[in-house]
Amino acid sequence: MGKARKAAFEYVEPIGMRVLVRKDEPKRETKGGIALPDAAEIPTITGRIVTISTQIENDPDVPLRQYDKVLFHPKNAIPVDFESDNQLFVVPVEDVVAVFRRQDGEGA
């Protein structure tokens with residue numbers, strides 16, 4: 001018998017009222033330019049939506065779209081062991097507490 005190959009996953013699709021978020025890198029420096037030691041790391045709870053579920057895509061009452069930058073509560077975020085740096089999280093839509101938007105007329 002030949003060896004069984006382990007199938008590689010190509011993408012993660014959230015189900016229900018959930019989004020897939022790539023967490024931003026933790027801050028290593030304050031806005032004023034002061035370097036923070038590793039022990040004083042500020043937990044990062046912002047990220048960019050990678051994928052939204054079909055249910056959210058079809059719900060006009062949920063203002064979330066792919067590539068939105070969001071602020072989320074990390075308590076119920078489920079880490080996805082999909083990439084070596086493990087920065088992907090499945091986040092319930094009720095834990096997304098804010099979406100960052102630019103005013104019309106400003107550059108992206």
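Which residues line the largest pocket? In this predicted model, the lining is made up of Arg-48, Gln-66, Tyr-67, Asp-68, Lys-69, Phe-100, Arg-101 and Arg-102. Around that pocket sits a protein with one helix and six strands, and 28% of its 108 residues count as buried. Here's a quick tour, topic by topic.

**Overall layout**

- Starting at the N terminus, the elements come in the order β-β-α-β-β-β-β.
- If you look at contacts with a separation of 6 or more, 60% of them are between residues 24 or more positions apart.

**The sheet**

- The six strands make an open sheet in the order S4-S5-S1-S2-S3-S6, and the pairing is antiparallel.
- Strand S4 (78-79) and strand S6 (96-100) each have a single partner strand, so they stand at the edges and one side of each has no neighbour in the sheet.
- Strand S3 (residues 69-72) is joined to S6 by four bridges, with the two running antiparallel.
- Two of the residue pairings between these strands are easy to find: Leu-71 has Ala-98 in S6 as its bridge partner, and Lys-69 has Phe-100 in S6.
- S3 also pairs with S2, again in the antiparallel sense, this time over three bridges.
- Leu-71 turns up here too, as the bridge partner of Thr-46.

**The two faces of S3**

- In a regular strand, side chains alternate between the two faces of the sheet.
- S3 shows this alternation: Val-70 and Phe-72 point to one face and are buried.
- Lys-69 and Leu-71 point to the other face and are not buried.

**The nonpolar cores**

- The largest nonpolar core has 14 residues, and the ones that touch the most other members are Val-19, Val-21, Ile-49, Ile-56, Leu-64, Val-70 and Val-91.
- Strand S1 (18-23), strand S2 (46-52), S3 and strand S5 (88-92) are the elements that give two or more residues to this core.
- Another core lies apart from it and has five residues, including Val-12, Leu-20, Val-80 and Val-90.
- Back in the largest core, take Val-91: leaving out residues up to four places away in sequence, Val-91 touches Met-17, Arg-18, Val-19, Val-21, Phe-72, Ala-77 and Val-96.

**The largest pocket**

- The volume of the largest pocket is about 200 Å³.
- By class, its lining has five charged residues, two nonpolar and one polar.
- Lys-69 and Phe-100 are both among the lining residues, and they are also bridge partners, with Phe-100 on the S6 side.
- Lys-69 is also one of the S3 residues that are not buried.

**A buried loop residue: Gln-87**

- Gln-87 is located in the loop between S4 and S5.
- Is Gln-87 buried or exposed? Gln-87 counts as buried because its relative accessibility is 13%, and the cut-off for buried is under 20%.
- Not counting residues up to four places away in sequence, Gln-87 touches Val-21, Arg-22, Lys-23, Asp-24 and Glu-25.
- Val-21, one of those contacts, is also among the residues of the largest core that touch the most other members.
- Gln-87 and Gly-47 are 40 residues apart along the chain, and their C-alpha atoms are separated by 9.3 Å.

Notes:
Residues numbered from 1 in each chain as written. Predicted model: local features only at pLDDT ≥ 70, side-chain atom pairs only at ≥ 80, totals over all residues. Heavy atoms only, no water. Pairing = 2+ DSSP bridges. 1 Å grid on protein atoms, 1.4 Å probe; cavity = no way out; pocket = protein on both sides within 12 Å on 5 of 7 lines; lining within 4 Å. Points joined across faces, edges and corners; volume = space filled by probe spheres on them. Nonpolar A, V, L, I, M, F, W, Y, C, P; charged D, E, K, R; others polar. Core = buried A, V, L, I, M, F, W, Y, C linked by side-chain atoms within 4.5 Å. Buried < 20%, exposed > 50% of the residue type's maximum accessible area, 1.4 Å probe, protein only. Contact = heavy atoms within 4.5 Å.
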